[in-house]
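Okay, thanks for coming, everyone. Have a look at the screen, and I'll talk you through what I found.

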Amino acid sequence: MDALREGVFNLQQAGYLPEMFRYAFLTNALVAALIVGPLLGALGPLVVVKRLAFFSEAVGHGALTGVALGILLGEPATQPLAALFAFCVVFALLLHWIKSRTQIPYDALVGVFLAFAIALGASLLLYVAKKVNVHILENVLFGSILTVKDQDLLVMLLLAIVCIGLMIFSGNRALISSLAPDLAKVRGIKVVFYDYVFVLLIALITVASVKIIGSILVGALLLVPAVSARMISRTGREFFWLSVVFATLSCVLGILLPMAGALPIPSGAAIVLVASLGFILALAIRRWRA
C-alpha cells in the first residue's frame, strides 16, 4: 500500500493528478472505491434478478449490531472486524435458512429480520455511545473516507479475489440457478448450494463496503446501478458490464466530487446520490429510445 501511495503522490507532484491526491487518506479511499465498486456492480444484476434488494438492506442494517457487539467485546472502535463479519454472515445465512424451511413470504420474513437488526443495533449503539466518540457511529451509518485504513483495503482485496475466482469457476452455474432453478436442477446443478454462496457473498461485500458507503446506504449501491443498467441494456452481457461501470463510477465520483468541491457530505450519501443521478439519466435514455 505504501508503494501505491508513493506512486500516486509522484503522479500528483508531476502534475498528472489534482492537488487533493497528495493526501494518503484520499488515495486509500480511491483504491477502496475501485475495489468495492466493481464488486457491488457485479453482484447487483443477480440481486435484481433474484429480487433480493430488501435482503441486502437488512444485512446492511445488521452491520450496526455487529459494530456495537465488537466494541462491547473489546475490539477497537474503528476496526470491529471480527464481530462485524461474524454477525452479518450468521444473520444472512440464518435468514436464508429460515426462508427455505418456512412458507412465510420472503419480503415479510426479511422485514422481520430488518426490524430486529435495527432495534437491536439502535439499543446497543445507545449504550456504546457512552464509551466511544459519537462520530465513529456516524461513520458506520453514513460512511467516511477518513476511516479507510490499509487493513480495510486488504480485506476488500481478499474479498475481490474470492469473488473473481467464484465468478470464473461457477459464474454460469450461479446465473442459471438464479434465472431458471428448475432447469439448473435438471442439469445437475446444486441450486441450494449456489443460493447460500450468493447470500454469503452479499453479506461479505456489504460488510466490506460499510467503511465508505455506510450501513444505511450500502444496499442502495447493490440495487441502483443494476436497475439503471437493466433499463438501457439489450443483452445479459451488457446488463452485467453496465452495472459494473455504473457502480464503479458512482463510488469514484461520490468520493472525488465532494473533496474537489469542499462539500461536507458523507461519502456514502454522495455515492448514492451519484448513482441516483445515473438512474435518472438511464431513465431518460430509455424514454428517448422508446
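So, a warm-up: which helix does alanine 29 lie in? That one is helix α2, which covers residues 24–49. Before I go any further, please keep in mind that this is a predicted model.

Let's stay with alanine 29 for a moment. Its relative accessibility is 0%, so alanine 29 counts as buried. Now find lysine 149. Alanine 29 and lysine 149 are 120 residues apart along the chain, yet their C-alpha atoms are separated by 8.6 Å.

Okay, let's zoom out. How many helices and strands are there in the protein chain? The count is 12 helices and 0 strands. If you read along the sequence, the pattern goes α-α-α-α-α-α-α-α-α-α-α-α. And of the 290 residues in the chain, 48% count as buried.

Next stop, helix α9, residues 191–213. I picked two residues here. One of them is valine 191, which is found in α9. Valine 191 has a relative accessible area of 8%, and the cut-off for buried is under 20%, so valine 191 is buried. Its C-alpha atom is separated by 9.7 Å from that of alanine 180, and those two are 11 residues apart along the chain.

The other residue I picked in α9 is isoleucine 202. Buried or exposed, what do you think of isoleucine 202? Isoleucine 202 is buried, because its relative accessible area is 0%. Now look for phenylalanine 55. Isoleucine 202 and phenylalanine 55 are 147 residues apart in sequence, but 9.0 Å apart in space, going C-alpha to C-alpha.

That brings us to how helices pack. Two packed helices are described by the angle between their axes and the distance between the axes. Take helix α3, residues 53–72, together with α9: their axes come within 9 Å and cross at roughly 50°. That angle is why we call α3 oblique to α9. As for handedness, α3 passes α9 in a right-handed crossing.

Now here's another pair to set beside that one. Helix α10 takes in residues 218–232, and helix α12 takes in residues 267–289. These two pack at an angle of about 15°, with their axes 8 Å apart. With an angle like that, and with under 35 degrees as the cut-off, α10 is therefore roughly parallel to α12. And which way do they cross, left-handed or right-handed? α10 passes α12 in a left-handed crossing.

Last stop: helix α7, which runs over residues 150–179. Isoleucine 168 lies in this helix. Its relative accessibility is 63%, so isoleucine 168 counts as exposed. Who are its partners on the surface? Ile164, Met167, Ile168 and Phe169 form a nonpolar patch there, and together they have about 450 Å² of accessible area.

Arginine 173 is found in α7 too. With a relative accessibility of 37%, arginine 173 counts as partly exposed. And one final distance for you: arginine 173 and alanine 184 are 11 residues apart in sequence and 7.6 Å apart in space, again C-alpha to C-alpha.

If you want to practise, start from alanine 29 in α2 and find lysine 149, with 8.6 Å between their C-alpha atoms. Then go to α7 and pick out the nonpolar surface patch of Ile164, Met167, Ile168 and Phe169. That's me done, thanks!

Key
Residues are numbered from 1 along each chain as its sequence is written. This is a predicted model: local features need pLDDT of at least 70, side-chain atom pairs count only at pLDDT 80 or more; totals for chains, interfaces and linings use all residues. Side-chain values use heavy atoms; hydrogens and water are left out. Patches are made of residues with over 30% relative accessible area and no salt bridge: like charges are joined within 9 Å, nonpolar side chains (Val, Leu, Ile, Met, Phe, Trp, Tyr) within 5 Å. Accessible areas come from the Shrake-Rupley method with a 1.4 Å probe; for residues, only the protein chains shown count as cover. A salt bridge is a side-chain nitrogen of Lys or Arg within 4 Å of a carboxyl oxygen of Asp or Glu. Helices (H or I, at least four residues) and strands (E, at least two) are DSSP runs, numbered from the N terminus. Buried means under 20% relative accessible area, exposed over 50%, partly exposed in between (1.4 Å probe, protein chains only). Axes are lines fitted to C-alpha atoms, for helices over the stretch in contact, and angles run from 0 to 180 degrees between N-to-C directions. Angles under 35 degrees count as roughly parallel, over 145 as roughly antiparallel, 65 to 115 as roughly perpendicular and the rest as oblique. A crossing is left-handed if the near helix is turned anticlockwise from the far one by less than a right angle, and right-handed if clockwise.
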